[in-house]
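Reader: I should like to work through this model with you, one feature at a time. Please give the reasoning before each result.

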Amino acid sequence: MKYVINNSEDKQKLFDYLKELGNDYIVDVKKQKNNRSKMQNNYYWACIVQPLASELGYFPDELHDTLKVKFASEWQSIDINERQIGLQVVNSTAKMNTKDFEVYADQIRIWALYELGVRLMLPNEYCLLYTSPSP
């Protein structure tokens, strides 16, 4: 069973439900996060990946992987045989929340403009194209 708690009333309903249960249950509580939206995903592929892939001579999937390594990776240390080894971990953009995804896209837009001289469309510019009626 899955409960979404938005207010005190929801919490109380969950507590009441838990009281009715017997033992031998596992309860997993995690903060709800809003993964990137479908509009963000569409914008990313149409206005970031595709134009940069064309400009740089990559296939879109190749460029997406390259952008993840450059802008969505982090270094972590692990201990192996009493030595610390650095590993680069590439994060999934699909698991980013809406805010983190916008930061990711913003970093790419800034990099593209200053390093490549390529101005990428802003989300509000894409939204106007995407939602405006056809003539």
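Author: One definition comes first: a residue is buried under 20% relative accessible area, exposed over 50%, and partly exposed in between. The model discussed here is predicted.

Reader: Is F15 buried, exposed or partly exposed?

Author: F15 lies in helix α1, which covers residues 8–20. Its relative accessibility is 44%. Because that value falls between the cut-offs of 20% and 50%, F15 counts as partly exposed.

Reader: What accessible area does the nonpolar surface patch with F15 have together?

Author: F15 belongs to a nonpolar patch on the surface, and the other members are L18, V27 and V29. Together these residues have an accessible area of about 390 Å².

Reader: Which residue meets K13 in a salt bridge?

Author: The partner of K13 is four residues away in helix α1, so the two are separated by about one helical turn. In general, an α-helix has 3.6 residues a turn, so residues three or four places apart point the same way. K13 is partly exposed at 45% relative accessible area, whereas its partner is exposed at 52%. With 3.5 Å from N to O, the residue that meets K13 is E9.

Reader: On which residue is the kink in α2 centred?

Author: Helix α2 runs over residues 38–56 and has 19 residues. From its first C-alpha to its last it reaches 26 Å, close to the 27 Å expected at 1.5 Å a residue. The buried residues of α2 are Q40, Y43, Y44, C47, I48, V49, L52 and A53. The kink is about 30°, and its centre is one of these buried residues, Y44.

Reader: Which residue takes a positive phi just after α2?

Author: Helix α2 covers residues 38–56. Just after α2 there is a positive phi of about 80°, and the residue that takes it is G57.

Reader: What separates the C-alpha atoms of D65 and T93?

Author: D65 is found in helix α3, residues 60–71. D65 is partly exposed, with a relative accessible area of 41%. T93 is 28 residues apart from D65 along the chain, and their C-alpha atoms are separated by 10.0 Å.

Reader: How many bridges join strand β1 to strand β2?

Author: Strand β1 covers residues 73–80 and strand β2 covers residues 83–90, and they run antiparallel. In this pairing E74 stands opposite V89 in β2. The two strands form a hairpin with two residues between them. The number of bridges that join β1 to β2 is eight.

Reader: Which residues in the loop between β1 and β2 have a positive phi although they are not glycines?

Author: One residue in this loop has a positive phi of about 50° and is exposed, with 71% relative accessible area. Another residue in the loop has a positive phi of about 65° and counts as exposed at 85% relative accessibility. Neither is a glycine: they are N81 and E82.

Reader: Is R109 buried or exposed?

Author: R109 meets D106 in a salt bridge between their side chains, at 3.2 Å from N to O. The two residues are three apart in helix α4, residues 98–116, so about one helical turn separates them. D106 is partly exposed, with 34% relative accessible area. R109 has a relative accessible area of 8%, and because this is under 20%, R109 is buried.

Reader: Which residue meets R119 in a salt bridge, and which residues are joined into one network by salt bridges that share partners?

Author: R119 counts as exposed at 53% relative accessibility, and its partner is partly exposed at 26%. The distance from N to O is 2.8 Å, and the partner of R119 is E125. Salt bridges that share partners make one network of E102, D106 and R109.

Reader: How many salt bridges does the count come to?

Author: A salt bridge is counted where a side-chain nitrogen of Lys or Arg is within 4 Å of a carboxyl oxygen of Asp or Glu. The pairs described above include K13 with E9, R109 with D106, and R119 with E125. By this rule the count of salt bridges comes to five.

Technical notes: Residues numbered from 1 in each chain as written. Predicted model: local features only at pLDDT ≥ 70, side-chain atom pairs only at ≥ 80, totals over all residues. Heavy atoms only, no water. Pairing = 2+ DSSP bridges. Expected span 1.5 Å × (residues − 1). Bend = angle between axes of the 7 residues up to and from the residue. Buried < 20%, exposed > 50% of the residue type's maximum accessible area, 1.4 Å probe, protein only. Patch = residues over 30% accessible without salt bridge, like charges linked within 9 Å, V, L, I, M, F, W, Y side chains within 5 Å. Areas by Shrake-Rupley, 256 points an atom, 1.4 Å probe, with all protein chains shown as cover.
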